[in-house]
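Hi,

Here is the structure I said I'd pass on. Have a look at it first, and then read my notes below.

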Amino acid sequence: MDNATTGPVTVFCDEQAVLVESIVWDPTTERLRWTDITLGLLTTARADGTVESSVPLPPPLASFQPRVGGGFVAALGDTVVLTDEQGVVERELTRVQHATAGMRFNEGKCDPFGRFLVGSMDLTDQDPAGALYSVEPDGTTRVLRGGFGVTNGIEWSPDGSTMYVTDTSTSTIYRASYGPEGDLGELVPFVSGAAHDGLVRDDEDCFWTAVYGSGRVERWSAAGEHLETVEVPAPNVTSVAFGGPDISTLFIGTARENMTEEQLEQAPHSGAVFAVPTRVRGSSASAFGG
């Protein structure tokens, strides 16, 4: 496209993860972190892609975000825990009772006001019973919305007045009013028609969404206009986040889960984190308790 914002896609780090999610850039230390949900690994890499550490937590390690003062807030199967700066669990913050045994936490991200919002996913064949939870720094937890199949990609407008949340099972990114009190308004479809997964906003108020199973990332305007597609040499694209020294590199996570040997031969870097230079910038992740 003539108005393309991106450069070439390259492999940033290939640990052959089962399922990369929750990519987070730390601008202070210039480190990139992500989780392998299935194996429960919290991986930290330097800016050149060299892995510095890979800390095991009780799997599934669905998502994590930075905490004010250091360390992380992390969602496991049915608990939200606090960890130190190395990723070692310090204590349990809250626990939820999922509707069925076939459910677990999934995507989580901190809102601009310091809460940890985390969704669940329903792996059963029954009516969707996943939910979106809001967790306060003191552990107070409430359900913002139920009825999700696979709660995914979460993001906000710059002022926090609009929230975006994805349900991969309905192939739709929704938006709703939001604000300092953390109340979620009525969900309205924003972008539909594909298995949208991770979501991140850039400084032009456009949104990048990972499309699972399709080997691509799409860029959409705030008005819902498709602007650009980035082709990724791995079909199961999961997580997107901006990082790098000037936060202009788009990092893209992928997965090896449910792929056959033949498919892995065709896409050998499935499970890697890819990097794409862009002419736009993201913003630092909001911290828990901020």
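**What I found**

Let me start with a polar contact: the side chain of T151 has a polar atom 2.8 Å from the backbone oxygen of S120. Bear in mind throughout that this is a predicted model. T151 belongs to strand β14, which covers residues 151–156. Is T151 buried or exposed? With a relative accessible area of 0%, T151 is buried, because anything under 20% counts as such. Leaving out residues up to four places away in sequence, T151 touches N106, E107, G119, S120, A131, L132, V165 and T166. So if you click on T151, S120 turns up both in that contact list and as the partner whose backbone oxygen sits 2.8 Å away.

Next, a sheet. Four strands make an open sheet in the order β2-β3-β4-β5, and the pairing is antiparallel. Which strands stand at the edges? They are β2 (20–26) and β5 (51–56); each has a single partner strand, so one side of each has no neighbour in the sheet. On average, neighbouring strands here are turned by 15 degrees against each other, ignoring direction. For the pairing of β4 (residues 41–46) with β5, there are 5 bridges, and the two strands run antiparallel. If you want a spot to zoom in on, T44 stands opposite S53 in β5.

Now the rings. There are 11 aromatic pairs in the structure. One of them is W25 with F251: the ring centres are 6.3 Å apart and the planes are at 15 degrees, so this pair is stacked, the cut-off being under 30 degrees. The two residues come from distant parts of the chain, 226 residues apart, with W25 in strand β2 and F251 in strand β23 (residues 249–254). Both ends are buried: W25 has a relative accessible area of 6%, and F251 has 3%.

Another stacked pair is F113 with Y178, at 6.4 Å centre to centre and 25 degrees between the planes. This pair also links distant parts of the chain, 65 residues apart: F113 is in the loop between β10 (103–110) and β11 (116–122), while Y178 is in the loop between β16 (172–177) and β17 (188–192). How do the two compare in burial? F113 is partly exposed, with a relative accessible area of 27%, whereas Y178 counts as buried at 9%.

Back to W25 and F251 for a moment: together with F12 they form one aromatic cluster. Through W25, that cluster includes a residue of β2, one of the edge strands of the sheet above.

What about cysteines? A search of the whole structure finds 0 disulfides. Two cysteines to look at are C110, which is buried with a relative accessible area of 3%, and C206, which is buried too, at 7%.

Last, the segment after β24 (273–277), which is where you'll find G289. G289 is partly exposed, with a relative accessible area of 41%. Which residues does G289 contact, leaving aside neighbours within four places in sequence? They are V68, G114 and P137. For a sense of scale, the C-alpha atoms of G289 and V51 are separated by 28 Å, and the two residues are 238 residues apart along the chain.

Cheers

Methods:
Residues are numbered from 1 along each chain as its sequence is written. This is a predicted model: local features need pLDDT of at least 70, side-chain atom pairs count only at pLDDT 80 or more; totals for chains, interfaces and linings use all residues. Side-chain values use heavy atoms; hydrogens and water are left out. A disulfide is a pair of cysteine sulfur atoms within 2.5 Å. Buried means under 20% relative accessible area, exposed over 50%, partly exposed in between (1.4 Å probe, protein chains only). A polar contact is a pair of N or O atoms within 3.5 Å; within protein, one must be able to donate a hydrogen and the other to accept it, and residues adjacent in sequence count only if both atoms are side-chain atoms. Contact means heavy atoms within 4.5 Å. Two strands pair if DSSP finds at least two bridges between them. Axes are lines fitted to C-alpha atoms, for helices over the stretch in contact, and angles run from 0 to 180 degrees between N-to-C directions. Rings of Phe, Tyr and Trp (its six-membered ring) pair if their centres lie within 6.5 Å; planes under 30 degrees apart count as stacked, over 60 as edge-to-face and the rest as tilted.
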